[in-house]
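Pull up the viewer and have the sequence open beside it. Let's take a walk through this one together.

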Amino acid sequence: MTRAVLVSRAAPPTVTDVDLPDPAEGEALVDVTYSSVNFKDGLALARNPGVARLDPLVPGIDVVGTVSGLGPGVHEVAIGDRVVLNGAGLGETRHGGWATQAVVPSGSLVVLPEAIDDSFAAAIGTAGFTAMLSVLALERFVAPDDGPVLVTGASGGVGTVAIALLTARGYRVTASTGRAANTESLRRLGATEVVDRGTLSDPGKPMQRATWAGAVDSVGGATLANVLASTRWGGAVTACGLAQDSALPTTVLPFILRSVSLLGINSVDAPLELRRRAWDRLATDLDAALLADVTRTVTPEQAIAVGAEVVAGRVHGRTVVAVAG
Ligand SMILES: C=CC(=O)SCCNC(=O)CCNC(=O)[C@H](O)C(C)(C)COP(=O)(O)OP(=O)(O)OC[C@H]1O[C@@H](n2cnc3c(N)ncnc32)[C@H](O)[C@@H]1OP(=O)(O)O
Ligand SMILES: NC(=O)C1=CN([C@@H]2O[C@H](COP(=O)(O)OP(=O)(O)OC[C@H]3O[C@@H](n4cnc5c(N)ncnc54)[C@H](O)[C@@H]3O)[C@@H](O)[C@H]2O)C=CC1
């Protein structure tokens, strides 16, 4: 039995006792200390059918805690390991991390680097992990000296961590946000320029002035189309999100006239080797104090309301869920 937030078609989300199976082949039991609130958790709480594929469902696409049980055939982790898991179906097709215990697929569990304590790991969460995956992808194409890099959705979870990570590696970052009140905070994270997202959000010309060496996009839609249209020759743009729109109203012109690359980012199914590489880089590149500046911690009860706030674009930075109390 675990104490968990439960989302169901039958009743509003609530905190209750939920039966937990013993870990099966390739699964581990984790005593959860922290989870976090991600955009996708907000969609699950709203019972978006593309996300909440189990009914009832414990939300929480992130799990941080200590391994306390092992099913047969588990070799990636041992009892007592401090671990993090992002995605892998948690909070979508299987119960997630807004619970005191979780049974998770061991093949996606990462043993936390020493430098990352549990609450820092949850502050990073899927959003920060995805920002790291985006930077790992981008740096295969774009070097810090190549020119300015744009981060869209800059006030959000992916955006804030991406700004800090890119700055730590020497990139010159421009942040795009709809919330001018966050300008100083975005500058503290490392952004040298802050632009109004309104300059990017309406459909634009298929080719625009070559401005960006690269970009980390988490909003999709016309914004991503405009970013592609204003990326320099040989530049690259990562796409992980749909905060504006899942549609991408673009043309082939940026690809065939400027050799621009569009790099897709999926955190959910990332292979273990990539997960470990990303968490190792987060341990060296991300300043815990910088992230703490844009992170708040809530109880599981409070997290229920935060989900809708994240989807509405009203949360700046990250929200940690303190599960162990
Ligand atoms: C942390 C990550 C994120 O935040 S990502 C952003 C949040 N995610 C979403 O908003 C996606 C929500 N999902 C949807 O809106 C829908 O599932 C859909 C539009 C992606 C597809 O819906 P539709 O009803 O058209 O088709 P199916 O659900 O039947 O799926 C068709 C086909 O696609 C495969 N598929 C669906 N979802 C995923 C997924 N998340 N990852 C990988 N593949 C997916 C699905 O398995 C089907 O393939 P098949 O081979 O037929 O099984
Ligand atoms: N592909 C993957 O594996 C992952 C995908 N995502 C996706 O990335 C996106 C961002 O995630 P988070 O940063 O965690 O969410 P978030 O809600 O913290 O940040 C999104 C940001 O986009 C802004 N925004 C909302 N509407 C906008 C619009 N019309 N134009 C421009 N900006 C807009 C919001 O104000 C907010 O600052 C979401 O769509 C999420 O589903 C997130 C993590 C993993």
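What follows goes from confidence scores to the sheet, then to the two ligands, and ends with some backbone oddities.

First, keep in mind that this is a predicted model. The protein comes out with an average pLDDT of 98, and 100% of its residues score at least 70. For the complex, the predictor reports an ipTM of 0.95 along with a pTM of 0.98. As a general habit, coordinates should not be read in detail where pLDDT is low.

Now find the open sheet. It has six strands, and reading across gives the order E10-E9-E8-E11-E12-E13, with parallel pairing. At the edges stand E10, spanning 193-196, and E13, spanning 261-264; each has a single partner strand, so one side of each is left without a neighbour in the sheet. On average, neighbouring strands here are turned by 20° against each other, if you ignore direction. For a look at one pairing, pick E11 (residues 212-217) and E12 (residues 231-239): they run parallel and are joined by five bridges. Within that pairing, tryptophan 212 sits opposite threonine 231 in E12.

On to the ligands. Which residues surround ligand 1? They are Lys40, Leu43, Gly50, Arg53, Ile61, Thr126 and Leu242. Taken alone, ligand 1 exposes 1000 Å², and the protein buries 32% of that. By character, the shell around ligand 1 splits into three nonpolar, two polar and two charged residues. Arginine 53 also makes a polar contact: an N or O atom of its side chain is 2.7 Å from an oxygen atom of ligand 1.

Ligand 2 has 23 residues around it, and the closest are Gly157, Val158, Arg179, Ile265 and Ser267. Two arginine side chains come into play. An N or O atom in the side chain of arginine 179 is 2.9 Å from an oxygen atom of ligand 2, while one in the side chain of arginine 197 is 3.3 Å from a nitrogen atom of the ligand. The backbone joins in too, with a polar backbone atom of glycine 156 lying 3.2 Å from an oxygen atom of ligand 2. On its own, ligand 2 has 850 Å² of accessible area, and the protein covers 87% of that.

Last stop: the loop between helix H1 (39-45) and strand E4 (62-70), where you'll find proline 56. What kind of peptide bond joins aspartate 55 and proline 56? A cis one, with omega at about -5°. Arginine 47 has its place in the loop between H1 and E4 as well. Its phi is near 60°, a positive value in a residue other than glycine. Why pause over such things? Because most residues other than glycine have a negative phi, and most peptide bonds are trans.

Terms used:
Residues are numbered from 1 along each chain as its sequence is written. Chains are lettered from A and ligands numbered from 1 in the order in which they are written. This is a predicted model: local features need pLDDT of at least 70, side-chain atom pairs count only at pLDDT 80 or more; totals for chains, interfaces and linings use all residues. Side-chain values use heavy atoms; hydrogens and water are left out. pLDDT is the predictor's confidence in each residue, from 0 to 100. A residue is near a molecule or strand if one of its heavy atoms lies within 4 Å of it. A polar contact is a pair of N or O atoms within 3.5 Å; within protein, one must be able to donate a hydrogen and the other to accept it, and residues adjacent in sequence count only if both atoms are side-chain atoms. Accessible areas come from the Shrake-Rupley method with a 1.4 Å probe; for residues, only the protein chains shown count as cover. Ala, Val, Leu, Ile, Met, Phe, Trp, Tyr, Cys and Pro count as nonpolar, Asp, Glu, Lys and Arg as charged, and the others, Gly among them, as polar. Two strands pair if DSSP finds at least two bridges between them. Helices (H or I, at least four residues) and strands (E, at least two) are DSSP runs, numbered from the N terminus. Axes are lines fitted to C-alpha atoms, for helices over the stretch in contact, and angles run from 0 to 180 degrees between N-to-C directions.
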